[in-house]
Amino acid sequence: MDEGVASSDFDIVSGAAGILAYLVSIEQADPTIQRAIAHLLAYLLWLGEPGQPPGQERWYIPPALLPGELHRQLAPRGNFNYGLSHGIPGPLAALSLTWLAGYRSPGLRETIAYLADWVAEHRIEREWGIDWPDSVPLESATTARDWQQLPPTRSAWCYGSPGVARSLWLAGCTLESGTLRRLGEKAIEAALRRPVRDRAIPAPTLCHGVAGLLHICLRFAHECASELVKAQIPVLVEQILATFDPSFPLGFRDIEQDVLLDQPAWLREANSGSRRLRS
């Protein structure tokens with residue numbers, strides 16, 4: 001299967017979805033911005049066109065376009081990425097924000113519905129509730145029995161149920177679907193029921209850390225009635241504050257694979273020049 005795209009073509013971090021989400025937030029967009037929005041929207045509507053054959057969806061990432069050798073070892077035939085940062089939940093969120101910002105295009109609602117159903121269908125069940133893997137290898141992508149055996153990823157903004165929950169919630173608001181909104185609410189609540197030691201977000205930071213989970217919880221707290229989300233916000237704040245140390249150059253340190261980083265950037269990948277300290 002040689003078709004496919006790189007995640008950076010369509011994702012939230014550096015691809016079409018992130019650029020579109022930003023542009024539609026601009027009030028009184030000038031003609032240049034409107035043309036850019038139309039171009040990005042056309043691409044994402046093509047990417048998520050409804051009715052694609054299972055296992056042959058256009059957001060498939062072939063081995064040659066995976067970001068590194070480790071990814072190719074885990075998915076030698078390529079994969080489908082499920083993270084909000086680099087997977088199809090990013091375009092789902094961006095298309096929903098486009099509709100909510102007042103933009104209209106033929107097929108937009110239908111594409112949002114199709115992608116939301118696809119993301120919802122590929123969830124997995126764990127003792128704390130619904131979750132998602134970080135990605136699904138091509139060979140596991142067409143049978144629920146196969147993808148449901150995959151382990152859940154971290155409970156973060158970038159990967160896991162917090163980010164996916166937000167994309168499903170936005171889709172539910174766009175489609176006026178109580179079912180999708182409830183699924184998004186269930187997903188963020190599941191992340192909060194997951195034991196802290198199992199969330200794999202030891203850092204206080206946004207991308208891979210507690211601050212990202214807190215940020216999404218704050219969004220939900222303003223928009224849904226979940227008492228669990230509201231109750232956990234001060235708990236998450238305390239988790240972040242507990243990591244503060246005035247002797248650190250930045251007060252807080254990032255943690256990645258047990259390595260401490262004096263890391264001022266929002267995204268973990270942007271760590272060139274960071275000072276690495278072994279714990």
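This is a short tour of the structure, one selection at a time.

Before you click, note that the model is predicted, so local features are described only where pLDDT is at least 70 and side-chain atom pairs only at pLDDT 80 or more, while totals for chains, interfaces and linings use all residues. Residues are numbered from 1 along each chain as its sequence is written, and side-chain values use heavy atoms, with hydrogens and water left out.

**Stop 1: the largest pocket**

Select Pro67, Leu70, His71, Asp134 and Tyr159. Of the 35 residues lining the largest pocket, these lie nearest its centre. A pocket here is an open set of points on a 1 Å grid over the protein atoms alone, where a 1.4 Å probe fits and protein lies on both sides within 12 Å along at least five of seven lines; lining residues have an atom within 4 Å of a point. The space in this pocket comes to about 1,000 Å³, a volume being the space filled by probe spheres set on the points, which are joined across faces, edges and corners.

Now colour α1 (7-10), α4 (69-74), β1 (79-81) and β4 (135-137), the elements that give two or more residues to the lining of the largest pocket. Helices (H or I, at least four residues) and strands (E, at least two) are DSSP runs, numbered from the N terminus. With three residues, α4 gives the most to this lining. By type, the lining residues of the largest pocket are 17 nonpolar, 12 polar and six charged. In this count Ala, Val, Leu, Ile, Met, Phe, Trp, Tyr, Cys and Pro are nonpolar, Asp, Glu, Lys and Arg are charged, and the others, Gly among them, are polar.

**Stop 2: the second largest pocket**

Next, select Leu84, Leu97, Trp157, Arg166 and His215, which lie nearest the centre of the second largest pocket, itself lined by 15 residues. About 480 Å³ of space is found in this one. Show α2 (16-23), α5 (89-100), α8 (161-175) and α10 (210-223) as well, since each supplies at least two of the lining residues. The largest share, three residues, comes from α10. The lining of the second largest pocket divides into 11 nonpolar, two polar and two charged residues.

**Stop 3: the largest nonpolar core**

Turn to Leu20, Trp59, Leu95 and Leu168. They have the most contacts inside the largest nonpolar core, a set of 74 residues. Such a core is made of buried Ala, Val, Leu, Ile, Met, Phe, Trp, Tyr and Cys residues joined through side-chain atoms within 4.5 Å. Buried means under 20% relative accessible area, exposed over 50%, and partly exposed in between (1.4 Å probe, protein chains only). Among the elements giving two or more residues to this core are α3 (31-47), α6 (108-121), α9 (178-193) and α11 (227-241). The largest share, eight residues, is from α6.

Zoom in on Leu95. Setting aside residues up to four places away in sequence, Leu95 touches Leu20, Leu41, Leu44, Leu45, Leu108, Thr111, Ile112 and Leu115. Contact means heavy atoms within 4.5 Å.

**Stop 4: four buried residues**

- Pro89 lies in helix α5 and counts as buried at 1% relative accessibility. Draw a C-alpha to C-alpha distance to Leu115: the two are 26 residues apart in sequence and 7.9 Å apart in space. Beyond neighbours within four places in sequence, the contacts of Pro89 include Leu84, Val119 and Val164.
- Ser161, in helix α8, is buried at 0% relative accessibility. Outside its neighbours within four places in sequence, Ser161 is in contact with Ile130, Asp131, Trp132, Ala187 and Ala191.
- Pro204 sits in the loop between α9 and α10 and is buried at 9% relative accessibility. Its C-alpha atom is separated by 5.1 Å from that of Ile240, 36 residues apart along the chain.
- Asp254 belongs to strand β5 (residues 254-256) and is buried at 3% relative accessibility. The side chain of Asp254 makes a polar contact with the side chain of Thr205 (3.4 Å). A polar contact is a pair of N or O atoms within 3.5 Å; within protein, one must be able to donate a hydrogen and the other to accept it, and residues adjacent in sequence count only if both atoms are side-chain atoms.

**Stop 5: two loop residues with positive phi**

Finish with Glu176, in the loop between α8 and α9. Glu176 has a positive phi of about 55° although it is not a glycine, and at 69% relative accessibility Glu176 is exposed. Then pick Ala200, in the loop between α9 and α10. Its phi is near 60°, again a positive value in a residue other than glycine, and Ala200 is partly exposed, with a relative accessible area of 41%.
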